[in-house]
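Dear colleague,

I am handing over the structure we spoke about, and below it you will find what was found in it. Please keep the structure open while you read.

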Amino acid sequence: MSIEFLYPLVSEAIRRAETLEDIGAPGAHSAYLDVSLLEEKISEAIPASDPEGALARRGAVRAALKAWELARVRQLAERFVTEAGEDVDLRAELLRLDA
């Protein structure tokens, strides 16, 4: 799946998740899981050293938190911390989100 295809999908998924959250709809958690999955796909296409890749990794973990998918949060954070290499800021934020 191309990155040009993923960006509009993740933007729409974020809007949907935020709207559902704002109105207290029961589908909000599921919508955030969709966001996390799409952000993870983007992170597979863009290295962590690229600002867009770092943003996708943060987004995947944050959305998993919003979805209450705590096992996913831990799994993603552990994987992304390894991928972050020497990016101290990204590593620290991912570890903080996993705490």
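Leaving aside residues up to four places away in sequence, arginine 57 touches Ser43, Ile46, Pro47, Ala48, Phe80, Glu83 and Leu94. Please bear in mind that this is a predicted model. Arginine 57 sits in helix H3, which covers residues 51–66, and its relative accessible area is 3%, so it counts as buried, the cut-off being under 20%. The side chain of arginine 57 also reaches the backbone oxygen of glycine 53, at 2.9 Å.

Helix H3 also takes part in the largest pocket, which has a volume of about 160 Å³. The lining of the largest pocket is made up of Ile14, Glu18, Tyr32, Val35, Glu39, Gly59, Arg62, Ala63 and Lys66. Helix H1 (3–22), helix H2 (28–45) and H3 each supply at least two residues of that lining, and the largest share, four residues, comes from H3. By character, the lining residues of the largest pocket divide into four nonpolar, one polar and four charged.

As for the chain as a whole, there are five helices and zero strands, and the order from the N terminus on is α-α-α-α-α. The radius of gyration is 13 Å, close to the 13 Å that the globule rule gives for 99 residues, so the chain is as compact as a globular protein of that length. Of the 99 residues in the chain, 42% are buried, and among contacts with a separation of 6 or more, 54% are between residues 24 or more positions apart.

With best wishes

Note on methods. Residues are numbered from 1 along each chain as its sequence is written. This is a predicted model: local features need pLDDT of at least 70, side-chain atom pairs count only at pLDDT 80 or more; totals for chains, interfaces and linings use all residues. Side-chain values use heavy atoms; hydrogens and water are left out. Buried means under 20% relative accessible area, exposed over 50%, partly exposed in between (1.4 Å probe, protein chains only). A polar contact is a pair of N or O atoms within 3.5 Å; within protein, one must be able to donate a hydrogen and the other to accept it, and residues adjacent in sequence count only if both atoms are side-chain atoms. Contact means heavy atoms within 4.5 Å. On a 1 Å grid over the protein atoms alone, a cavity is a set of points where a 1.4 Å probe fits but cannot get out, and a pocket is an open set with protein on both sides within 12 Å along at least five of seven lines; lining residues have an atom within 4 Å of a point. Grid points are joined across faces, edges and corners, and a volume is the space filled by probe spheres set on the points. Ala, Val, Leu, Ile, Met, Phe, Trp, Tyr, Cys and Pro count as nonpolar, Asp, Glu, Lys and Arg as charged, and the others, Gly among them, as polar. The radius of gyration is taken over C-alpha atoms; the globule rule is 2.2 Å times the number of residues to the power 0.38.
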